[in-house]
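Hi there,

Here is the structure I promised to pass on. Please have a look at it first, and then read my notes below.

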Amino acid sequence: MTFLFDRLCFPRGGSAPSAIEETNSLIKSVSNEIARITSQKQYFEGFSDGPDSEQTPPSVLSFGIARGVGEPLNHDSAKALALEIKRVILANEPRLLAPQVFFKPSKAFGGRLAFQVAGQLRLGDALVRYNEHLAVTGAEFRS
């Protein structure tokens with residue numbers, strides 16, 4: 001006998017997804033969200049700047065990144081963009097725990113420069129390692 005809750009959670013009549021399918025689904029979902037966040041230019045940058053701007057919690061006005069992925073980068077601007085990406089991940093993607101963002105050549109993009117986003121994801125009681133590469137030219141991810 002199939003209970004209502006089981007039919008709502010697994011509408012195809014199949015069984016529960018395997019742990020690998022759940023992990024892959026979570027990683028893909030987080031990657032899509034990070035791609036969405038980093039592809040958005042922050043149009044209201046500095047809008048709420050004032051004496052308490054450091055203590056002001058993030059709002060929808062500060063969604064996205066101030067610098068554009070795809071802009072020409074040198075070492076200093078790449079470092080600043082990596083910090084900016086980490087800041088928006090911390091503010092907008094709570095599923096990624098202890099995020100780290102690095103800027104370096106990536107084999108996934110044919111040796112071109114990319115951002116490596118790493119951290120951990122909570123899946124039930126377990127922690128799953130997250131490590132994906134974000135293209136410098138846009139919001140394309142590769143493992």
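**What I found**

Among contacts in the protein between residues at least 6 apart in sequence, 49% join residues at least 24 apart. Please keep in mind that this is a predicted model.

Let me start with the overall layout. The protein has three helices and four strands, and from the N terminus on they follow the order α-α-α-β-β-β-β. Of its 143 residues, 31% are buried. The accessible surface is about 9,600 Å², with 55% of that belonging to carbon and sulfur atoms.

Next, the interior. The largest nonpolar core holds 19 residues, and L96, L121 and Y130 are the ones that touch the most other members. Two or more residues of this core come from each of α2 (19-38), α3 (75-92), β1 (96-105), β2 (113-123) and β3 (126-135). As a general point, nonpolar side chains in soluble globular proteins tend to be buried together.

I spent most of my time on α3. This helix has 18 residues and spans 26 Å from its first C-alpha to its last, close to the 26 Å expected at 1.5 Å a residue. Its buried residues are A78, L81, A82, E84, I85, V88 and I89. Why do they count as being on the same side of α3? Because they cover an arc of only 165° around the axis. The general background will be familiar: an α-helix has 3.6 residues a turn, so residues three or four places apart point the same way. The buried residues of α3 pack against α2, β1, β2 and β3. On the face turned away from that buried side, α3 carries the exposed residues D76, K79, L83 and L90.

One residue on the buried list deserves its own mention. E84 sits in helix α3 and is buried because its relative accessible area is 9%, where the cut-off is under 20%. The side chain of E84 also makes a polar contact of 2.8 Å with the side chain of R87.

The other helix I looked at is α2. With 20 residues, α2 reaches 28 Å from first to last C-alpha, close to the 28 Å expected at 1.5 Å a residue. The buried residues of α2 are T23, L26, I27, V30, S31, E33, I34, A35, I37 and T38. Among them, A35 has a relative accessibility of 10% and so counts as buried. A35 and L134 are 99 residues apart in sequence, but their C-alpha atoms are 7.7 Å apart in space.

There is a further pair to look at in the strands. L113 is in strand β2 and is partly exposed, with a relative accessible area of 42%. The C-alpha atoms of L113 and A135 are separated by 7.3 Å, while the two residues are 22 apart along the chain.

Finally, a backbone detail that you may want to view for yourself. Which sign does phi of A98 have, positive or negative? It is positive, near 50°, in a residue other than glycine. For context, most residues other than glycine have a negative phi. A98 belongs to strand β1 and, at 59% relative accessibility, counts as exposed.

Happy browsing, and do write back with any questions.

Best wishes

Methods
Residues are numbered from 1 along each chain as its sequence is written. This is a predicted model: local features need pLDDT of at least 70, side-chain atom pairs count only at pLDDT 80 or more; totals for chains, interfaces and linings use all residues. Side-chain values use heavy atoms; hydrogens and water are left out. Buried means under 20% relative accessible area, exposed over 50%, partly exposed in between (1.4 Å probe, protein chains only). Contact means heavy atoms within 4.5 Å. Accessible areas come from the Shrake-Rupley method with a 1.4 Å probe; for residues, only the protein chains shown count as cover. A nonpolar core is a set of buried Ala, Val, Leu, Ile, Met, Phe, Trp, Tyr and Cys residues joined through side-chain atoms within 4.5 Å. The expected span of a helix is 1.5 Å times one less than its number of residues. The arc is that of the directions from the helix axis to the C-beta atoms. A polar contact is a pair of N or O atoms within 3.5 Å; within protein, one must be able to donate a hydrogen and the other to accept it, and residues adjacent in sequence count only if both atoms are side-chain atoms.
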